[in-house]
Amino acid sequence: MDRARIRNFAIIAHIDHGKSTLADRLLELTGSVSAREMQAQVLDAMDLERERGITIKAHAVRMMYQAHDGETYQLNLIDTPGHVDFSYEVSRSLAACEGALLVVDASQGVEAQTLANSYLAINHGLEIIPVINKIDLPSADVARTKEMIEGAVGLDASNALLISAKTGEGVPEVLEAIVHRVPPPKGSPDTPLQALLFDSWFDAYRGVVVLARVFHGTLRKGQKIRLWSNGRVFEVETLGVLTPKPVEIEMLEAGEVGFLIANIKNVADTKIGDTITDDSRPVIEPLPGFEEIKPMVFAGLYTVDAHEHTALREALDKLRLNDSSFFFEPESSVALGFGFRCGFLGLLHMEIIQERLEREFNLDLITTAPGVRYKITRTDGEVVEVDNPSRWLPQSEIRKIEEPVILATILTNEEYVGGILKLVEEKRGRQKGFEYVTSNRVMLSYELPLNEIVLDFYDRLKSVSRGYASLDYHLAGYWESPMARLDILVSGDPVDALSTIVHQEHAYERGRALAAKMKQLIPRQMFEVAIQAAIGGKIIARETVPAMRKNVLAKCYGGDITRKRKLLEKQKEGKKRMKRIGRVDIPQEAFLAVLRVGEE
Amino acid sequence: MPLGLYISVPFCRTKCSYCNFASGVFSQKVFARYVDRVCEEMRQAPGTAAVMGGHFEPAIDSIYLGGGTPTILPGEDLQRLFAAIRQQFSIAPDAEISVECAPGSLDERMLGTLARCGVNRVSLGVQSMVDGEAAAVGRQHKRATVLEDIAHLRAAGIHNINLDLIAGLPHQTPASWTISLDEVIASGVPHASVYMLEVDEDSRLGRELMAGGIRYHAHFVPNEDAIADFYVEACRRLNVAGIAQYEISNFARPGAVSRHNLKYWTRQPYLGFGVDAHSMLEASADAYTLLRAHPMRSRPGDTPGDNGGNRPCDVSQANVEAVRFSTSDSLEEFLAGAALKKMPVSWAEAREEAFFLGLRLNRGVDLRTIALRFGLPAELEDTVAHLCADGLLERAGSNIRLTDNGRLLSNEVFQRFLACDTAARM
């Protein structure tokens with residue numbers, strides 16, 4: 001197709017601001033999906049995506065659109081993941097586009113995530129079309145929304161499109177704006193192949209499927225392609241586009257977007273952001289912006305039932321086939337037995353993996369408190385990275401500890417600023433910016449240790465702002481910090497799975513709070529149970545769970561022995577669901593309590 | 001072996017807030033129909049036993065009318081019940097015949113009826129001798145009512161009297177609990193039962209406690225530790241007064257141990273009639289057919305080979321030691337003739353029962369007797385050794401029994417004798 005009639009665009013929006021609904025309307029209007037086929041939100045294919053209303057994987061849909069000028073245009077909608085955990089994936093998806101629709105809810109205004117993604121798009125030189133959605137709502141405030149787009153994003157909102165994706169009002173104008181305002185792609189089909197790999201997944205029948213945007217040259221069936229980052233060569237078996245149904249084609253030329261299947265067995269070979277080139281006629285340089293994805297958040301995953309360990313391993317292997325961004329390695333815990341140390345892109349990513357393991361593989365899991373990876377300089381000068389509290393070094397061997405720091409952007413209403421400032425101070429934040437983007441909307445920039453974010457920051461932020469604050473962040477480097485390992489001892493035995501890394505200044509307070517929380521969660525046993533918090537062998541807090549006084553059925557009713565048996569069996573079952581450490585039965589909730597300390 | 005007979009009368013004038021039994025307030029119109037149905041059940045008893053795979057025996061040496069409030073029935077209905085019993089069964093001359101009564105329901109006519117029916121033991125649902133406490137849970141009587149009832153019973157020739165007390169009622173304090181205990185002792189009755197408040201979904205007070213509310217005086221219920229203290233104090237005072245504890249909840253002066261009660265804990269056969277009535281019979285010779293009809297009845301410990309130690313395991317051999325069955329706990333379903341629920345007891349389960357029922361008795365169980373009947377796997381010996389080491393059981397020769405602390409934690413002890421348990425979990 002003539003490049004002049006190709007438009008590649010993405011949609012940037014906050015959760016629930018209507019991205020998926022708008023995408024559905026565009027598919028309908030261009031006849032890509034008939035109204036009859038329309039299942040709400042066609043693009044979010046995974047059950048989890050639909051339930052959570054977020055997009056986890058990227059998509060690329062080709063629509064053919066006959067514009068008012070009589071010409072037929074090829075519109076490629078590249079749907080991007082919608083969460084801060086996946087900001088790298090977002091940046092690669094945006095890199096595949098020339099333009100973006102910035103969708104803002106007329107009643108909610110601009111949120112932090114939208115802002116971050118808009119900046120990404122601006123930095124990539126994308127043409128951004130502001131779209132104000134949900135104008136049919138009684139609470140819609142178009143003028144204020146425009147003010148925010150101009151104030152916060154810095155875009156001219158005077159020609160913003162006003163739509164209701166729900167009713168379809170204004171949506172035809174969106175298609176026209178894409179044609180007229182998004183520039184056509186550049187590049188030539190005749191130069192050496194240079195294509196951007198912006199997503200991939202594993203299909204049980206076809207192997208790895210790759211989504212690619214061709215910048216230069218032409219991708220053909222039968223062609224031998226080479227992946228830049230690892231030098232691997234594959235032969236293209238199938239080329240196609242999603243309409244959204246997959247349709248096979250013979251070639252993808254410069255400017256076009258589609259999928260390829262090339263007998264790739266391992267999804268880990270297809271790194272997002274990688275450059276695809278022709279093996280016999282390679283380009284000299286890769287596309288810019290490629291990064292190896294690194295996990296940021298780490299936690300131990302264990303099965304409640306030790307016999308399910310093998311099943312967990314198989315499940316993790318299967319999930320990894322489809323998601324190379326999380327990693328796992330075996331670890332063993334004195335308290336929990338054999339499990340896996342897992343690395344995730346962020347908290348949501350962790351939750352998704354956990355939920356999929358429990359839902360799709362029917363596993364009952366214990367997750368240890370998430371933590372981050374520290375850089376420790378030993379006294380001998382060697383630098384080691386530690387993400388597992390059980391591998392923490394003795395204080396005497398440590399010269400310096402550095403912890404990962406993020407730059408967080410928080411957008412909120414003026415009335416919540418006080419509470420948020422208190423929270424970020426408590427979380428060891430350093431202010432980088434404080435700006436009114438409209439008369440009552442404030443944008444805060446803070447450097448914050450990632451370790452504070454993974455504990456309970458989201459929930460706390462939500463509660464201090466009553467949900468009226470949005471957060472976006474990216475990794476901003478490392479800080480030197482005096483960190484230490486806080487251990488919990490139950491009946492004198494350290495429970496490794498309850499250890500966490502904390503800032504020394506917070507150690508006493510956290511130790512006390514955690515011991516108190518454990519006291520609430522550990523049921524009374526046949527003997528007194530001491531719960532202690534310790535740092536480097538020094539006890540800093542102690543609580544006692546008194547011995548159980550009575551567990552007796554002092555009643556007899558007409559010889560109903562079956563009822564007695566059932567009660568005994570139920571009690572016994574209940575104990576089996578707990579983890580026995582030493583002689584103490586600890587319920588699963590206790591292992592996550594580390595997360596919730598300090599909430600109340 | 002003579003049977004025990006239990007007859008449930010699930011009717012009450014009011015429903016007490018702590019009550020989690022299948023009893024309730026029903027119109028008197030239903031009483032006659034209910035008695036008809038129970039009498040009919042009794043007539044069918046031999047056939048029922050055969051269908052259930054249990055060994056029927058016409059000889060009985062204990063009868064227990066429980067409730068609900070059996071004395072809410074008109075005298076003629078009670079007499080009809082006893083007539084039906086005599087028609088179907090042969091009552092031993094020294095049979096223990098007990099009836100549960102709500103204090104205040106024993107007028108002269110009722111006392112006459114009971115005497116005519118041959119009743120020789122009465123259990124009074126006192127719960128507390130402190131008037132405010134009894135009233136707070138919906139009991140209709142006062143302390144004075146109880147004392148009057150005792151006097152009337154004695155005058156009518158019924159000296160074998162039991163008084164029920166509940167530890168853990170709202171407003172109970174150490175001092176008020178002592179008053180109740182001392183009143184029971186001073187009354188001179190030969191038998192007392194001490195229960196602890198049960199908190200579960202089946203009573204109004206239980207539900208309220210679980211929800212953390214304040215209805216039914218729930219916020220005045222003593223805490224777990226206090227109730228445990230009450231129980232310990234009850235055991236102490238009653239024992240000192242010569243009303244010796246013989247079971248977790250039961251205390252008797254010499255010669256007044258309840259025969260019917262013992263049947264439950266020593267696994268002697270009994271038949272129950274009426275709503276939510278439970279029966280246990282020895283398995284009849286051809287009971288293996290029953291096992292075949294219930295292949296999914298196996299429990300975790302019931303793997304082939306674990307049928308009780310020394311016994312050879314052979315599918316064709318009956319693996320049913322006894323059979324338990326029960327009636328519906330809904331009055332409506334019962335009156336409509338709902339099917340019985342049957343639960344065959346395998347040899348492995350029977351051994352578990354021998355422990356978790358037998359150990360309720362202060363005299364404990366004899367390991368040699370259990371080993372002879374069921375076999376005794378080595379891991380059970382280990383379990384016993386561990387429990388002794390923890391001070392929950394005490395052993396003298398082949399006899400084991402609960403210690404005082406073991407009694408308070410008896411559910412913890414009993415669980416350890418259930419299937420798939422080994423010493424590993426301690």
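Select B:Arg237 to begin: in this predicted model, the residue is partly exposed, with a relative accessible area of 23%. Now add B:Asp182, whose side chain meets that of B:Arg237 in a salt bridge, 3.0 Å from N to O. The two partners come from distant parts of the chain: B:Asp182 belongs to helix 7 (residues 174-187) of chain B and B:Arg237 to helix 9 (residues 224-240), 55 residues apart. B:Asp182 is partly exposed too, at a relative accessible area of 33%.

Stay with charged pairs and pick B:Glu381 and B:Arg395. They form a salt bridge in which the closest N and O atoms are 3.8 Å apart. B:Glu381 sits in helix 15 (residues 378-389) of chain B and B:Arg395 in strand 14 (residues 393-396), so this bridge ties together parts that are 14 residues apart in sequence. Colour by accessibility and you will find B:Glu381 partly exposed at 32%, while B:Arg395 is partly exposed at 44%.

For something beyond a single pair, select B:Arg267, B:Glu321, B:Arg324, B:Glu353 and B:Arg373 together: a network of salt bridges links them.

Next, move to the rings of chain B. Show B:Tyr34 and B:Phe334, a tilted aromatic pair with 5.3 Å from centre to centre and 50° between the planes. B:Tyr34 lies in helix 1 (residues 29-43) of chain B and B:Phe334 in helix 12 (residues 331-335), so the pair ties together parts that are 300 residues apart in sequence. Both B:Tyr34 and B:Phe334 are buried, so a surface view would be a poor guide here; each has under 20% relative accessible area. Extend the selection to B:Phe11, B:Phe26 and B:Phe31, and you have the cluster that ring pairs build with B:Tyr34 and B:Phe334.Before leaving chain B, zoom out to take in the whole chain. It has 17 helices and 15 strands, and 57% of its 426 residues count as buried. Among its contacts with a separation of 6 or more, 73% are between residues 24 or more positions apart. Chain B exposes about 16,900 Å², with carbon and sulfur atoms supplying 53% of that area.

Now switch to chain A and select A:Phe328 and A:Phe340, one of the 19 aromatic pairs found over all chains. The ring centres of A:Phe328 and A:Phe340 are 5.7 Å apart and the planes stand at 85°, so this pair is edge-to-face. A:Phe328 is in strand 18 (residues 327-333) of chain A and A:Phe340 in strand 19 (residues 337-344), 12 residues apart. Both A:Phe328 and A:Phe340 are buried.

Two arginines over rings come next. Centre the view on A:Phe215 and you will see A:Arg213 over its face, at 4.2 Å from the ring centre. Then go to A:Trp479, where A:Arg430 lies over the face at 3.7 Å from the ring centre.

For the last stop, return to salt bridges, of which a search of the whole structure finds 56 over all chains. Select A:Glu528 and A:Arg542, whose closest N and O atoms are 4.0 Å apart. A:Glu528 lies in the loop between helix 11 (504-521) and strand 30 (529-535) of chain A, and A:Arg542 in strand 31 (residues 538-545), so the bridge ties together parts that are 14 residues apart in sequence. A:Glu528 is exposed, with a relative accessible area of 51%, whereas A:Arg542 counts as partly exposed at 45%.

Note on methods
Residues are numbered from 1 along each chain as its sequence is written. Chains are lettered from A and ligands numbered from 1 in the order in which they are written. This is a predicted model: local features need pLDDT of at least 70, side-chain atom pairs count only at pLDDT 80 or more; totals for chains, interfaces and linings use all residues. Side-chain values use heavy atoms; hydrogens and water are left out. Helices (H or I, at least four residues) and strands (E, at least two) are DSSP runs, numbered from the N terminus. Buried means under 20% relative accessible area, exposed over 50%, partly exposed in between (1.4 Å probe, protein chains only). Contact means heavy atoms within 4.5 Å. Accessible areas come from the Shrake-Rupley method with a 1.4 Å probe; for residues, only the protein chains shown count as cover. Rings of Phe, Tyr and Trp (its six-membered ring) pair if their centres lie within 6.5 Å; planes under 30 degrees apart count as stacked, over 60 as edge-to-face and the rest as tilted. A charge sits over a ring if NZ of Lys or CZ of Arg is within 6 Å of the ring centre and within 35 degrees of the ring normal.
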